[in-house]
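User: Hi! Could you walk me through the charged side-chain pairs in this one?
Analyst: Happy to, let's look at it together.

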Amino acid sequence: MQERARKRKTGGAAVPRLHKADLHLLSVFMTVAECGGFAAAQVTLNVSQSTISRQIGDLERRLGMRLCQRGRVGFRLTDKGRAVYEASQHLSTALESFRTAVGALRGELIGDLSIGVIDNWATETCEPLAGVLRAFRSRARSVHIQFHTMAPDEIEHAVLDNRVNLGIGVFHRHRPGLVYEALYDDPVELYCGSGHPLFHRDPGELDRGDLESADLVHRAYLSERQVAPLTAGLRSTASARQIEGLAFLILSGWHLGYLPVSYAERWVRSGRMRPLLPETLRFDTKFELVTRRGAPLTLVAQTFADILRERTRPLNRDRPGSVSQA
């Protein structure tokens, strides 16, 4: 009776029971979908393109449906393929939750933890992340950590797609479907390099008019008008997606740019950078923890988040404890 009911729901073909081999095929399919094709997935999976093609074909036959289009027209998921990908994400989360729950019953923290972190955080003077990881490792020696350094918009997409459990960064536009929790504030100032004409000007003589002829480098994914409206109208012939790229362009002596004060401190001390008009062009950026709304954290991810809150609380001058939901 149950078999006939399953066949009616699927148009006559029974939904196959999942076996260990099917879980592997679904994992391959998720990797291919996330990489955007067979060729791109080769490096991640460390197998040949022909092997990936065979495995996806096996999965399609097992499920009785076409999951993706491939060939000369390029790669794309079918509508059913997108639905299977989303269901695979839920399955992966459920399996990890089961594994974590069983470990908790044994008094252990086991499983996987995937974190997306903004690119400059680990290099700040206070180095909060090193202490968080050290404290987490002392309680979770068997957890496998996947650490991803990303731009903020990439972190948000990774959390939404369930590719990372949680993200840490500066997010100027909150996205629907995510929960943002304030951790602490970090000041940002406008800097110039030692080779720039404004570097040796008397700070007391500088005003905004001196910036009009300057060339600003900005973060490629941010709206300058929203983030730094006082300099939004400056000419800009350069952009970078990561803090390190901004620093290189500022150090060249050709561009001005905004950097976190803690990140720029090493070059200020060595005389290679200086802030400009810090009284008017200094502002705070808010570091936030981002998670997917409606998706409970695993015990492993929750443990890391709790340690993160505890370790970053002293860094927060304003102590914002509210949670912002977009």
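**Salt bridges**

User: Let's start with a pair inside a helix. Where do Asp58 and Arg61 lie?
Analyst: Both are in helix H4 (residues 49-63), three residues apart, which is about one turn of the helix. Keep in mind that this is a predicted model. Asp58 and Arg61 form a salt bridge, with the closest N and O atoms 2.5 Å apart.

User: Is Arg61 buried or exposed?
Analyst: Arg61 is exposed, at 61% relative accessible area. Asp58 is partly exposed, at 26%.

User: And which residues are linked in a network with those two?
Analyst: Arg54 joins Asp58 and Arg61 in a network of salt bridges.

User: Nice. How many salt bridges are there in the whole structure?
Analyst: A search of the whole structure gives 17 salt bridges.

User: Switching to Glu60: which side chain does it meet?
Analyst: Glu60 meets Arg66 in a salt bridge, at 3.9 Å from N to O. That pair counts because the cut-off is within 4 Å.

User: Why does Glu60 count as buried?
Analyst: Its relative accessibility is 9%, and buried means under 20%. Its partner Arg66 is partly exposed, with 43%.

User: What about helix H5, which pair is there?
Analyst: Arg82 and Asp79 both lie in helix H5 (residues 79-105), three residues apart. Their side chains meet in a salt bridge at 2.2 Å, N to O.

User: And how accessible are Arg82 and Asp79?
Analyst: Arg82 is partly exposed at 40% relative accessible area, whereas Asp79 is exposed at 59%.

Technical notes. Residues are numbered from 1 along each chain as its sequence is written. This is a predicted model: local features need pLDDT of at least 70, side-chain atom pairs count only at pLDDT 80 or more; totals for chains, interfaces and linings use all residues. Side-chain values use heavy atoms; hydrogens and water are left out. Helices (H or I, at least four residues) and strands (E, at least two) are DSSP runs, numbered from the N terminus. Buried means under 20% relative accessible area, exposed over 50%, partly exposed in between (1.4 Å probe, protein chains only).
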